[in-house]
Amino acid sequence: MAVNLVNVEQVSKVYGTRALLDGVSLGVSEGDRIGVVGRNGDGKTTLIRMLAKLEDADTGRVTHNGGLRLGVLTQHDSLDPKKTIRQEVIGDLADHEWAGSAKIRDVLTGLFGGLALPGFEHGLDTVIAPLSGGERRRIALAKLLIDEQDLIVLDEPTNHLDVEGISWLAGHLRTRRSALVCVTHDRWFLDQVCTRMWDVQRGAVHEYEGGYSDYVFARAERERIAATEESKRQNLMRKELAWLRRGAPARTSKPRYRIEAANELIADVPPPRDTSELMKFANARLGKTVFDLEDVTVQAGPKTLLTHLTWQLGPGDRVGLVGVNGAGKTSLLRALAEAARTQGDEQPAAGKVVVGKTVKLAYLSQEVSELNPNLRVLEAVQQVRDRVDLGKGREMTAGQLCEQFGFTKEKQWTPVGDLSGGERRRLQILRLLMDEPNVLFLDEPTNDLDIETLTQLEDLLDGWPGSMIVISHDRFFIERTTDKVMALLGDRALRMLPRGIDEYLERRQRMEEESTPSAAAPRTSGAPAAPAVSAQEARAAKKELQKVERQLDKLSTRETALHKQIADNATDFEKVAGLDAELRELVTERDELEMRWLELAEDA
């Protein structure tokens, strides 16, 4: 029987006149991996701080098992700024001792990209004082993971980690024996790591078995049964459940609810996006040209990030952009934004960017733009416009859109200066959408947003007709809102990834293995070297690569349409047979194109 590690009994906590937690009783046992979710400000961080005895409850008590070894990652680290990374993370261990530990090597490689800590000027001997908040946070996480604990409590551990770092952390936590309690808005991470969920809402904590996918289903069913006035939220949850069940592969290895019940719950829920309808509307708003790049070079100061880039962002394209830090993701968006702002007059270091005449761009940068702190939330939105056309006959007032983004009628009269970081981020996105753009650039849009707000943002984007590029380390958000993934792998090229982020992680792993001298296999003596590709041949390969990618997009759209036709004509066996034959031919053509794409990618 699992040993109980922590007991929380009838705990309450009040701030001002608001009860964050009201008579909450919970327990954490050996082997538990618990994800904590809820809206910003509802008490998630307060709950885990009391769980770790970093904060006292007003009433009730928290008890720890005798001799409990507890590790805590808070949002503010306690590192000594005068010390080096070596002193804080490795302590007094000699080089041969820590280098001989597989666990220490795994943590350093997973969080910093190598034992030499590339990116830190003096490696392990870098002094902590001048480092950024994100760098300090990774150091604090490494220090915690190298130790042995019975229970780990983590508050937003994926902040400041890239896609690879998040993937490594999920794998690492799955293999640890320690129990885990984790607050995070990263839904992919929750599904990979957690086996139970705590949902903090209105002073109470609701418990669910399973990861995020199971939680979505259970909460949707609970809200369906609970109250009809929650219909708006219920529909959002059911829509997300529909995407989980129909879209990406199953995200939990141990479903705890009947498949039949889930299918019944979402039987009348349409797919998240009507892609063909949105594409028609996007073409009407944008015409044929959005951004055409030909032989473009992108620089950041003296550093060249991308060369010979030939690419087209078409009307209705929804692209997720991933890549290693410093490869040029943000720089590429800035170059396109600058070309759009000047209608093509401002060009990159080399090459040409053609901007469509009807392009109206909204660019959400990582920096939260400053607003007059004395403005009320509703006034800040109405500064842009009073009403917004969401397409397909949908229209919303500024107040209605505020409510959809979590600003209640009372909250709409809060001064901007009194908002939290997450609330200001929400307001920034809201103001962008109010301006009715037809092209969206979103650079890390999920920063500081809670899961409920993310779900509402995804719902809005589902019906938004236009072109979109999303840079995010939130794998769930990218898969949920975009239709294809492009990657910058640090080799000054932009690549399409037919299999999405899974393919990106596989490619990055191969690159790491190839860059390790011991992993490189010696070439057989006398074996002919692969012929070098000339610059002219490489450029020709890139152009053909773009053509093949467009053909693959068209085949994908046609394949989706054929599947729908087969489903619609399930009782007409003769018609289904004809459609099935066409589908087989299409799949064969797609396989041939993908092989050609791989050949061209190697040359390019």
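Student: Which residues of the largest nonpolar core touch the most other members?

Tutor: They are Phe291, Leu293, Trp311, Leu336, Leu427, Ile469 and Tyr504. The core has 86 residues. Keep in mind that this is a predicted model.

Student: Which helix gives this core its largest share?

Tutor: Helix α19, residues 535-568, does. The helix contributes 7 residues.

Student: What does Tyr504 contact, leaving aside its neighbours within four places in sequence?

Tutor: Tyr504 contacts Val163, Glu164, Val322, Gly323 and Val324, and also Ala487, Leu489 and Leu497. Now look at Arg507. This residue sits in helix α18, residues 500-515. With close sequence neighbours again left aside, Arg507 contacts Leu489, Arg495, Leu497 and Trp597.

Student: Is Arg507 buried or exposed?

Tutor: Compare its relative accessible area with the cut-off. Buried means under 20%. Arg507 has 13%, so this residue is buried.

Student: How many residues are in the second core?

Tutor: The second core is separate and has 47 residues. Among them are Ile90, Phe120, Leu190 and Val216.

Student: Let us turn to rings. How many aromatic pairs does a search of the whole structure find?

Tutor: The search finds 6. Take Tyr212 and Tyr215. Their ring centres are 5.6 Å apart, with 50 degrees between the planes, and the pair is tilted.

Student: Where do Tyr212 and Tyr215 lie?

Tutor: Start with the general idea. An α-helix has 3.6 residues a turn, so residues three or four places apart point the same way. Here, Tyr212 and Tyr215 both lie in helix α8, residues 212-226. They are 3 residues apart, about one turn of the helix. Both are buried.

Student: Why is the pair of Tyr212 and Phe476 edge-to-face?

Tutor: Read the angle between the planes. Over 60 degrees counts as edge-to-face. The planes of Tyr212 and Phe476 stand at 85 degrees, so the pair is edge-to-face. Their ring centres are 5.7 Å apart.

Student: Which helices hold Tyr212 and Phe476?

Tutor: Tyr212 is in helix α8, and Phe476 is in helix α17, residues 475-481. The pair therefore ties together parts 264 residues apart in sequence. Tyr212 is buried, at 0% relative accessibility. Phe476 is buried too, with a relative accessible area of 0%. Ring pairs link Tyr208, Tyr212, Tyr215 and Phe476 into a cluster.

Student: What lies over the face of Phe407?

Tutor: Arg426 does, at 5.1 Å from the ring centre.

Student: And packed helices? At what angle do α4 and α6 pack?

Tutor: Two packed helices are described by the angle between their axes and the distance between the axes. For helix α4, residues 102-112, and helix α6, residues 163-175, the angle is about 150 degrees. Their axes are 8 Å apart. Angles over 145 degrees count as roughly antiparallel. So α4 and α6 are roughly antiparallel to each other.

Student: Which residues make the contact between α4 and α6?

Tutor: Asp106, Val107, Gly110 and Leu111 do so from α4. Gly165, Trp168 and His172 do so from α6.

Student: How many residues of helix α1 are buried?

Tutor: In α1, residues 44-51, 6 of the 8 residues are buried. They are Lys44, Thr46, Leu47, Ile48, Met50 and Leu51. After α1 comes Lys53, with a positive phi near 60 degrees.

Student: How many helices and strands does the chain have?

Tutor: The chain has 20 helices and 20 strands. Of its 604 residues, 50% are buried. Among contacts between residues at least 6 apart in sequence, 69% join residues at least 24 apart.

Note on methods:
Residues are numbered from 1 along each chain as its sequence is written. This is a predicted model: local features need pLDDT of at least 70, side-chain atom pairs count only at pLDDT 80 or more; totals for chains, interfaces and linings use all residues. Side-chain values use heavy atoms; hydrogens and water are left out. Rings of Phe, Tyr and Trp (its six-membered ring) pair if their centres lie within 6.5 Å; planes under 30 degrees apart count as stacked, over 60 as edge-to-face and the rest as tilted. Helices (H or I, at least four residues) and strands (E, at least two) are DSSP runs, numbered from the N terminus. Buried means under 20% relative accessible area, exposed over 50%, partly exposed in between (1.4 Å probe, protein chains only). A charge sits over a ring if NZ of Lys or CZ of Arg is within 6 Å of the ring centre and within 35 degrees of the ring normal. Contact means heavy atoms within 4.5 Å. A nonpolar core is a set of buried Ala, Val, Leu, Ile, Met, Phe, Trp, Tyr and Cys residues joined through side-chain atoms within 4.5 Å. Axes are lines fitted to C-alpha atoms, for helices over the stretch in contact, and angles run from 0 to 180 degrees between N-to-C directions. Angles under 35 degrees count as roughly parallel, over 145 as roughly antiparallel, 65 to 115 as roughly perpendicular and the rest as oblique.
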